[in-house]
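Please look over the model shown here before reading on.

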Amino acid sequence: MGDLSCERFTDLLGDYVEGVLRSDDRPAMDAHLLDCAQCSELLADYERLPGLVRRATHVAMPAGAKARLRRLLSRAWSWHR
Ligand SMILES: [Zn+2]
């Protein structure tokens, strides 16, 4: 536990919120949320996104959409790096 990086957390965030995350990744995500205030904020921000955006990023998740999502969320953790 606790070996999940913030970058990996961001990669898995969509699946986590949509409840389709691989079951063996979920405990690491939960543990990271407890350890990392920044990623808790990121999760809260993501959950505020319109459902359409979330579905779009989840269903297709092409590199372009993922990059846009990262940019959208980057404000939340730009100070984190
Ligand atoms: Zn984190």
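The questions below deal with secondary structure, the core and one helix.

This is a predicted model, in which local features need pLDDT of at least 70, side-chain atom pairs count only at pLDDT 80 or more, and totals for chains, interfaces and linings use all residues. Residues are numbered from 1 along each chain as its sequence is written.

Q: How many helices and strands does the protein chain have?
A: Helices (H or I, at least four residues) and strands (E, at least two) are DSSP runs, numbered from the N terminus. The order of elements from that end is α-α-α-α-α. The count is five helices and zero strands.

Q: Which helix supplies the largest share of the largest nonpolar core?
A: A nonpolar core is a set of buried Ala, Val, Leu, Ile, Met, Phe, Trp, Tyr and Cys residues joined through C-beta atoms within 7 Å. Here the largest one consists of seven residues: Leu4, Phe9, Leu13, Cys39, Leu42, Leu43 and Tyr46. At least two of them come from each of helix 1 (6-18) and helix 3 (37-48). Four residues, the largest share, come from helix 3.

Q: Why do the buried residues of helix 3 lie on the same side?
A: A residue is buried if 20 or more other C-beta atoms lie within 10 Å of its own, exposed if 12 or fewer, and partly exposed in between, with C-beta atoms placed from the backbone. In helix 3 the buried ones are Cys39, Leu42, Leu43 and Tyr46. They share a side because the arc they cover around the axis, taken from the directions from the helix axis to the C-beta atoms, is only 100°.

Q: Which residues are exposed on the other side of helix 3?
A: The buried side holds Cys39, Leu42, Leu43 and Tyr46. The exposed residues on the other side are Ala37, Ala44 and Arg48.
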